[in-house]
Amino acid sequence: MRLFLLLLASVMLAGLTVATSSSSSSSSSSYSYYRLPTALRPRKYNLRVLTHLENPEALRFEGNVKILFEVLENTKNITLHAKNLTIDESNITLKDTSSADKKNCISSTEVNSIHDFYVMHTCDQLVAGEIYELTMPFSADLNRQLEGYYRSSYLDPVANKTRWLSITQFEPASARLAFPCFDEPNFKAPFVVTLGYHKKYTGLSNMPVKEIKSNNEIADYIWCEFEESVPMSTYLIAYSVNDFSHKPSTLPNSTLFRTWARPNAIEQCDYAADFGPKVLQYYEELFGIKFPMPKIDQIAIPDFSAGAMENWGLVTYREIALLYSADYSSLTDKQRVASIIAHELAHQWFGNLVTMKWWTDLWLNEGFATYVASLGVENINPEWHAMQQESLTNLLTIFRRDALESSHPISRPIEMVAEISESFDQISYQKGSTVLRMMHMFLGDEAFRAGLQSYLQKFSYGNAEQDNLWESLTQAAHKYRSLPKSYDIKSIMDSWTLQTGYPIINVTRDYDGGSAKLTQERYLLNTQIGRSGRGGCWWVPLSYTTQGEQDFNNTAPKAWMECGKSGEVLPKTIKDLPGGDQWVIFNTQLTTLYKVNYDERNWKLLIETLTSGDFERIHVINRAQLIDDALYLAWTGEQDYEIAMRLVEYLQREREYLPWKSAFENLKRMKNIIRQTPNYELFKRYIQKLITPIYIHLNGLNDTFSSIEQQEEVLLKTMVGNWACQYQVEDCIPVALNYYRSWRSEPNPDMKNPVPINLRQTVYCTSIRHGTDQDWQFLWTRYKNSNVAAEKRTILTSLGCSREVWLLQRYLELTFEPKEGIRRQDSMWAFQAVAYNEIGFHLARDYFMNNVDFIYKLYVNHPHDDISILNNQIFFSYHPITKDMSRLLPPISEQTFLESDFEDFKSFVSNNRGSLKGLEQAIQQTLETMLTNVQWKERNYNQVARSIEVLI
């Protein structure tokens, strides 16, 4: 006990808050289940928070929360969440609202630091059916960890002073860091938020301001009370105290709409302010429900760990996700802003109005918002072809990620907060979106919309599970006859959401009989796993067309691959196919998440059309599909590289963006390995031959953007230019260097930049790669002076292109030194830039492995910031921004192909588990990716070299 008291005393002397309370309490909790008890249900929160921003040395908040709750079962304890808060137990009050005479009190408290429970034992039993009022005071520092209620800042260029602001980030489980609450998504209740702050600031929350009063206790402070909210989950509550400016953009007869940013960036809000109300209006029509809140604010935060957060009525963003400058932001930047805004505003219905019961169904929020965002952007900017681009991007991502044995189902059990955070990944977002697109395609638009509207209306202001959605969609599917009565959505979609991976469909044609036999199994990159270990069965909608038909617009299924009641694969034969002179293509417009392997004859018929026939009659997405399937199947040995590389040869004729995107994604993986081997020169000549025709067709790096009519051609020119300069195609490097020299010669380079906006990434990187120390320093100075987040990211990724070891080493050290001006949320971009550089790879890998403790602590709370007490022991809880830290790993895994390096990294992981806590899933996938690279090098390296030699 003495040791415990000494530790506790040292904590208090250090000026730190204790996560439990400021008075004595019992230290351990007898309640240890990971979910809250169900005996109580909150009915209303009154939350008052006083925020102090004037003294940078004492940025803090204090307040109290008054919770009205109903008792559903007799109980003698109140269990809720609280973390890192100083709670003065002597001022906790509890009363029965039915009578002033019925007094109650708190007799003792307990803490469960594993699940962040704060348990209060009551003096008298809480009686079922009664409503009680619990009042709890709390205080804490505004933390630096970008979660809970935290601090952010920006530099005021006029006064040359740092300006502070406060902001919340509560998803998934950080409302408990800001105030005691029932911090689970199905404990919805209305909120009345009142913020106290100095009158020079602005207060924002989910609802409009109701009343502003003077603070009678603190001079120049005010109290700002907001209107009572609709019932909502705690993770959607948001508030901020700031000195930002805003741009109003409310459409006629629509919701009040405002976009906020720091004053010196307000002109960058124009695009978001224009796009946001339009997409909100589109969703009202799509969902058949008016936006349920009286106003919506969107705000750009300088320090923000997530890309954006859909807080109901107050949506928060990283600056790069909301701000757009026509003078500095590329088309890709603009599309990213549109997509993210569309995603967050889709959440206002899917996630906010109807919320998942528990984080197991997180994908219902994120998958739907991702897919519906594509529909929104497509509706407002049809010239972008956002649906095609987004769909292919998602598929290319998931074909890679979900082919790992260490992947996970879309819907998976969640028992710890760390597991919730891990679920915010490509599977929930992009695979979720992909299977919803599949469902939309096989249901048809009418049934799909009707099912969604029924689901949203039925569960508005409540919580739901994926089975509730399946029921609504099944009813719509049968009503509109888009599914046979014997089929139901649950059987079909459970095969996609409850099991890991996706299938490969093997198509073996009987050319004389005009039929094809189809089989399915899980596709895996790890070739050590035999077919018996792959298993799995998916309900697959089969769309296909033939060389004679060439009907790629019909994406409806002509047949289904079905699963038996025990999950076994049922055999499938397709009849009435053409003879041996015509190809067949399955999965028209790539509507479903599966790969196709044809017999050799069908592949050769396809190659013949692509290389010498009317290849554009094949839909552009299916051309991208054929490239991706052929190269993947060759990677895992299920196809010969000779066939795959012959198919890719047709790209010399291709002029569309999507097939090239598919090709470059695959060729990049090969490049990451081959460029570290003696055959890189051979591979380089092959790439030069492949892309020279398209480079010339697009007029190289010449500034022809004003005459380009198709937006996708802008993206194509940008992408091809990047590869052309990497591989020294034609005049790419001299032209890039000339642009950069012109910029350097400008008297005021921060105000005037002659480099075409869409080519800046290529020009900057090429010039740093082939330039001098002075070229690097010039760009670093531009980074420090830039006021545009998109431009800053472009520069960060370009500074890593140097071939000077000492510069790269210095840049790595600058990356993780906050005083140098790289915000922690952006450090991963700089690290990745160095690590993907062939010179920088080994430096970055070694830096990560040698400094993992330091890097980990940069991304997490310092131990003294987060202290819990359990069983008389001090526990230090770490909460890394796991998403950001995990992004340091892909460039390491994708370029490791030697077994010795693989074994070294395994040993590193084993010896540093404490500094990789919270990254378990990312580490598993990193190791598996390394293993598949080792396998590829041993199996395919020589075959690829031979195939390339034949082609060049």
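The exercises below concern one sheet and several salt bridges in a predicted model.

**Exercise 1. The sheet**

Determine which strands stand at the edges of the open sheet that contains β23, and why each has a side without a neighbour.

Solution. Step 1: write down the strand order, which is β28-β24-β23-β30, with mixed pairing. Step 2: look at the ends of that order. β28 (572–574) and β30 (595–598) each have a single partner strand, so one side of each lacks a neighbour in the sheet. Step 3: add the twist, which averages 30° from one strand to the next.

**Exercise 2. The pairing of β23 and β30**

Find how many bridges join β23 to β30, and which helix packs on the sheet touching these strands.

Solution. Step 1: take β23, residues 503–510; 4 bridges join this strand to β30, and the two run parallel. Step 2: place a residue pair in register, where valine 507 stands opposite tyrosine 598 of β30. Step 3: identify the helix. Helix α12 (residues 600–612) packs on the sheet and touches both β23 and β30. The direction of α12 makes about 105° with that of β30.

**Exercise 3. Buried or exposed?**

The model holds 43 salt bridges. For the pair glutamate 319 and arginine 262, state the N to O distance, the location of each residue, and whether the two are buried or exposed.

Solution. Step 1: the side chains meet at 2.6 Å, N to O. Step 2: glutamate 319 belongs to helix α3 (residues 319–322), while arginine 262 sits in the loop between β17 (256–261) and α2 (270–287). The pair therefore links distant parts of the chain, 57 residues apart. Step 3: both glutamate 319 and arginine 262 are buried.

**Exercise 4. Two further pairs**

Classify the partners of the salt bridges lysine 213 with glutamate 211 and arginine 744 with aspartate 775 by accessibility.

Solution. Step 1: apply the cut-offs, with buried under 20% relative accessible area and exposed over 50%. Step 2: lysine 213 and glutamate 211 meet at 3.9 Å, N to O. Lysine 213, at 48%, is partly exposed, and glutamate 211, at 34%, is partly exposed. Step 3: in the other pair, the closest N and O atoms of arginine 744 and aspartate 775 are 2.7 Å apart. Arginine 744 lies in helix α18 (residues 732–744) and aspartate 775 in helix α20 (residues 773–785), so the bridge ties together parts 31 residues apart in sequence. Step 4: arginine 744 is partly exposed at 35%, whereas aspartate 775 is buried at 12%.

Notes
Residues numbered from 1 in each chain as written. Predicted model: local features only at pLDDT ≥ 70, side-chain atom pairs only at ≥ 80, totals over all residues. Heavy atoms only, no water. Pairing = 2+ DSSP bridges. Axes fitted to C-alpha atoms, helices over the stretch in contact; angles between N-to-C directions. Contact = heavy atoms within 4.5 Å. Salt bridge = Lys/Arg side-chain N within 4 Å of Asp/Glu carboxyl O. Buried < 20%, exposed > 50% of the residue type's maximum accessible area, 1.4 Å probe, protein only.
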